[in-house]
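Biologist: I would like a close look at a single part of this protein. Please take the sheet, and then place it among the parts around it.

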Amino acid sequence: MQYAFALELARQLNCLEDGREDCNCQNCRWIRENKHPAVMTVSKIDNKTDSSKTVISEEQINNVLDTLVNSSDYHRVFIFCNADIKELSVREKSMYEEYKTTGFTLPQEEINSKIWYPTGINTDCFSSVAANAMLKSIEEPPSNVNFIFLTENKDDLLQTIVSRSQSFGVPDSRYEEYNTEFIKPFFVNYPVFNKERALDFAYALLTYQTDNDLESEYIINCIQYYLTELAKANSQNSNLLRIIFKDIEKTENSKKMLRSYIKEQSVYEDLAFYFAKH
Ligand SMILES: [Zn+2]
């Protein structure tokens, strides 16, 4: 789930060693236990000092902003999401089981089989009043501060936030189902992408899709998955991250093109030439 991805980013940004998966440094440990002082989940039921129960309040935002006044040795990450404590449906349970395999803990403990469960943020739980209070900080965050907004659909988030953020899709659960072998040869020198091979790349996507009888959206998801993994592996390199996030955004656009019935070949070629322009 997206929430685990956000914690993994926070871990990569704070790891005192090389960010490897089994790292046991203090920062990695604290983030896995979800009690790192600089990694904070902000939802209608997390990190509250007021009595509102249905929204992320202005007071919460002000508390977040207050913590930024002091500098910190940590890389601070604020994860904004919606959350409920509830009995899980069958589908949610399987997501939860999968989440547990990541080694991350949820911000609140299970009570009487009721489980803290994150969902995407939307304008009902994160209104413009609260959001506007932090627009300036989103636009120009202090150094070593990241705000992450988890949402199912960009349209669920205020446009003023989206326009100040890098947005990218995190492919749905079960990452291991995405094959990236057929993409890898083209990304060897990433972000440099051989112009002469742009058409080969488009052709490789189409061939892989046809030979394996796959949906075109699956092909794009494979690329997104590959780029997401690349982002994780390069989380310290902000210049490269910016390129990767832009590329992920472009792949979102490819999906939109596919949904509006633009021919697959054209969509793949458009994507290939976009990469070639790096
Ligand atoms: Zn570490």
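Biologist: Which residue in strand 2 is the bridge partner of Val 42?

Modeller: The bridge partner of Val 42 in strand 2 is Phe 80. Please keep in mind that this is a predicted model.

To see where that pair belongs, take the two strands and then the sheet. Strand 2 covers residues 76-80, and strand 1 covers 39-42. The two strands run parallel, and four bridges join them. Strands 1 and 2 belong to an open sheet of three strands. The order across this sheet is 1-2-5, and the pairing is parallel. Strand 5, the remaining member, spans 145-149. Strand 1 and strand 5 each have a single partner strand, so they stand at the edges, and one side of each has no neighbour in the sheet. Neighbouring strands here are turned by 15° against each other on average, if direction is ignored.

Next comes the helix that packs across these strands. Helix 1, residues 2-14, lies across strand 1, strand 2 and strand 5. The angle between helix 1 and strand 2 is about 175°.

Now the lead-in to strand 1. The loop between helix 2 (26-32) and strand 1 contains Asn 34. This residue is not a glycine, yet its phi is positive, near 60°. Asn 34 counts as partly exposed because it has 18 C-beta neighbours inside 10 Å, and a residue needs 20 or more to be called buried.

A second residue can be set beside Asn 34. Ser 113, also a residue other than glycine, has a positive phi near 60°. Ser 113 sits in the loop between helix 4 (90-100) and strand 4 (115-119). It has 8 C-beta neighbours inside 10 Å, and therefore counts as exposed; the limit for that class is 12 or fewer.

Finally, the wider setting. The domain assignment gives domain 1 as 2-162 and domain 2 as 175-276. The centres of domain 1 and domain 2, taken over C-alpha atoms, are 28 Å apart. Another backbone feature to find in the model is the cis peptide bond that joins Tyr 190 and Pro 191, where omega is about 5°. Pro 191 is in the loop between helix 7 (159-162) and helix 8 (198-211).

Terms used:
Residues are numbered from 1 along each chain as its sequence is written. This is a predicted model: local features need pLDDT of at least 70, side-chain atom pairs count only at pLDDT 80 or more; totals for chains, interfaces and linings use all residues. Two strands pair if DSSP finds at least two bridges between them. Axes are lines fitted to C-alpha atoms, for helices over the stretch in contact, and angles run from 0 to 180 degrees between N-to-C directions. Two residues are in contact if their C-beta atoms, placed from the backbone, lie within 7 Å. Domain bounds come from an automatic or database domain assignment.
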